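Visitor: I am new to this protein and should be grateful for a guided reading of its architecture. May we proceed by question and answer?

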Amino acid sequence: MDIASDLLIGGLTSDEVAQRIVEGRTNAVQRVTSRSLGQIIKANVFTRFNALLGALFVLVLLTGSYIDGLFGIALVLNSVLGIGQEWYAKRKLDSLAVLHAPTATVLRDGREVTIDTADLVQDDVVRLTMGDQVPADGPLLVTNALEIDESNLTGESDAIDKAVGDQVSSGTVVVAGSGLFRAAVVGEDTTAHKLAREAKVFTRAYSEVQASTNRLLKWITWVVVVMFPVAIIAQIRGMHIASVDEALAQWRQIILLSAGGLVGLVPEGLVLLTTLAFLLAALQLTRQQALIQELPAVEGLARVDVICLDKTGTLTAGEIVFDKLELLPGADEATARQALGVIAHDPTPNATALAIAAAIEPGPRTVVDRVPFSSARKYSAVRLDDGSSWVFGAPEIVAGGDAALLARVEPLAANGVRVVVLAKADALVDWTQVTPVALVELSEAIRPDAADTLAYFASQEVGVKIISGDNPVTVAAVARRVGLNVATTVTDGVQELVLGDASSRPGQIVDARTLPDTVEELADLVEHITVFGRVTPEKKRLIVQALQSLGHTVAMTGDGVNDVLALKDADIGIAMGNGAQATKAVAQIVLLDSSFAHMPVVLAEGRRLIGNVERVASLFVTKNVMTTCLLLATAILGVTFPFLPRQMTLLSVLTIGIPAAVLALGPNKRKYVPGFLVRVLTLSIPAGVAAGLATFLAFALGRGDAAQASTLALAVLFIVNFWLLGVLARPWNWWKILTIAAMVVMAVCAFVFSLPREFFALSLPVGEWPLAIGLGACGAAIVEVAHRVRMTRSINRPVRLLDQEQHHQAAHPPM
């Protein structure tokens, strides 16, 4: 095909476009913003919790006693809340994708038309202008000072000057000039989509709370399987049923009493409360412009102890800014500013010209002749209407023979400052005499919130790693400007790295090309490095994996396609709202306004959530332990289970459900400490045993009929549980005291007033209350002792072996 005559002049014809569409040679790709609705429903419905509670719910419904199936509400709510939040996040991302749907200008039938990039076909001639995102891969046909920012793919922020014949890649951005290119590679085969393809497998954020709950449910599943026939037999023995016919006649009562015990084994409230707490936290963060795509991600960020930041788009705004004009001896400021302003207001400006033009006006002089900037020449030049010629470019080109000037520039460049020389010359090109007039200093625009955000992470003992495709010297300069303590020189190879305790020395800087290519070898080095430069997408992922192999929980921020692999493998991926669609699809958190300043709020919300859920989890697990004790006692002694399902629901709502929901929403600034399940069990097991023992003694010692004995046992259980609630609410304040007091009043009303008493089948003579109070006080005393022992052990031994194992699992979530 003769590109110059056939494509360049008029582009493709309508018939050629139609033929390529029929052949499937289009730029259309499947854009995945998140999981599909079917995947979301499947993940939130088919859970171990739903299977356990659902089976018991069906059994109760079969008996016809629908009032005893109230616990099924937890099953429905848990699934609905989880599905609702993920679907909300998906729709938000989908709307963003539509809002930012890119277009392209192509030449067809000899004229320019604007189309969606998805409608592009192979061999289309595409016009590129400043600000355009390149929609496909292919060679340049025409270029007019065209510069491309390839940081979206490579991470390197320096713009690349492009010549005719050079390749341009999808996902990159035009920052200066214009041109035409032929879309030789389209659709899934483009560079950007090949890189994103590896990240298409969806991985769910790991949650220690949910993992611990699932571990409990796994254990409980086996307990339920074993205890179900045991409970059935215990009820038959307790009801003194002597024949199969008699058992069949009373099967409904047998199932109801058995289900009453087995329902108590399932921590339905804990699962529902966790989901609700995650949901409310996610909604709160959405108001802070942080979109939570998966509920566990809120908690996940609370566990993060290392955060990896991409420089461009995270610490910097991705723009160059003018810092100052430094006049050289003998120069006139007004003349220098006038010349610089005229040069900067170029008809096809590059990023440097745009930055200067934003700060300096052009002045009254006009341009008679101009030499545009090119990366090959490394300078631009103008001749003004007063006859003067001015050159503006790299110091080594414009003032290559001035050793003193170059020595002056060197320390500025070492600190990441971009220095360009303005000089007066005797010609536009091939000058013989040049007089440097001023140094123009530029730098990357630092996000105004970056320094404060990093200071917050330091105060929270979260390590920071800067990972960029840029020159390590440039990256280190930015790191120092945002307050990080890093070395002044780049480490010359892996052999020069200083290992050992890094707390008392500046963070080291490396060129990632010198680092090994295996996780095992990298793991020995990454702890000692703060700034990584010249990092490829694959090396970014290896760095994240190496940190995880050391037991760290890693968060990764990014906005470009080059960040996708690392975002996917990180424990928590955080994407910028203005970033590539592929990054937002794999991230758990999307900062909608692309402001890194929201990160402290997200971290604090996660820590509040996990601290409060741990505070109340002991309430739920204590009930499970108590129920197990009662089931075993009734099975061994051949008596019926004391409570109906509706009575267990009353107990759960007043001593666990409502107060736990209130406590879970309160403030909590405690830092995350591994070992959630260990700390919960340390209190729940002794408290559950105490509650179970006191309850069974009350049931056995009651002097009335079965209903009165059951009510006496329930009263004892209320007393023990309320004391446990008071223990977990410490330190007390007015709203905690008010919550507990309200629950106590509601419980007393259930025992005293006829309507709730009949509804919950309660009957307790006044003479039995002293026994209930005495046994309740004994159980409460054991709970208090268990709590004090746990607090003492937590102070003396804050992290135990199992805690460390859980921390390791948190950093290495099961796939």
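Visitor: In what order do the nine strands of the open sheet lie?

Guide: This is a predicted model. In it, nine strands form an open sheet with mixed pairing. From one strand to the next, the twist averages 20°. The order of the strands is β8-β22-β21-β20-β9-β16-β19-β18-β17.

Visitor: Which are the edge strands?

Guide: An edge strand here pairs on one side only. That description applies to the strand of residues 290-292 and to the strand of residues 486-490. The edge strands are therefore β8 and β17.

Visitor: In β21, which residue is the bridge partner of methionine 556?

Guide: Strand β20 covers residues 554-558 and strand β21 covers residues 572-576. The two run parallel and are joined by four bridges. In β21, the partner of methionine 556 is glycine 573.

Visitor: What angle does the direction of helix α20 make with that of β20?

Guide: Helix α20, residues 537-549, packs on the sheet. The strands it touches are β9, β16, β19 and β20. Its direction and that of β20 make an angle of about 160°.

Visitor: Are helices α26 and α27 roughly parallel or roughly antiparallel?

Guide: Helix α26 (residues 706-728) packs against helix α27 (residues 734-752), and their axes are 11 Å apart. The angle between them is about 175°. Angles over 145 degrees count as roughly antiparallel. The relation of α26 to α27 is therefore roughly antiparallel.

Visitor: How many residues in the contact of α26 with α27 are nonpolar?

Guide: On the α26 side, the contact includes Leu714, Phe718 and Phe722. On the α27 side, Ile740, Met743 and Phe751 are among the residues met. The contact contains two polar residues and no charged ones, and the number of nonpolar residues is 10.

Visitor: At which residue does helix α24 bend?

Guide: Helix α24 spans residues 645-664 and is mostly covered, with 15 of its 20 residues buried. The bend amounts to about 50°. It lies at valine 653.

Visitor: Which residue in the turn of the β1 and β2 hairpin has a positive phi?

Guide: Strands β1 (residues 103-108) and β2 (residues 111-116) pair in the antiparallel sense over six bridges. Valine 106, for instance, has valine 113 in β2 as its bridge partner. Two residues lie between the strands of this hairpin. The turn residue with a positive phi, about 55°, is aspartate 109.

Visitor: What percentage of the residues of the protein count as buried?

Guide: The secondary structure comes to 30 helices and 22 strands. The protein has 815 residues, and the share that counts as buried is 56%.

Technical notes. Residues are numbered from 1 along each chain as its sequence is written. This is a predicted model: local features need pLDDT of at least 70, side-chain atom pairs count only at pLDDT 80 or more; totals for chains, interfaces and linings use all residues. Side-chain values use heavy atoms; hydrogens and water are left out. Axes are lines fitted to C-alpha atoms, for helices over the stretch in contact, and angles run from 0 to 180 degrees between N-to-C directions. Angles under 35 degrees count as roughly parallel, over 145 as roughly antiparallel, 65 to 115 as roughly perpendicular and the rest as oblique. Contact means heavy atoms within 4.5 Å. Ala, Val, Leu, Ile, Met, Phe, Trp, Tyr, Cys and Pro count as nonpolar, Asp, Glu, Lys and Arg as charged, and the others, Gly among them, as polar. The bend at a residue is the angle between axes fitted to the seven residues ending there and the seven starting there. Buried means under 20% relative accessible area, exposed over 50%, partly exposed in between (1.4 Å probe, protein chains only).
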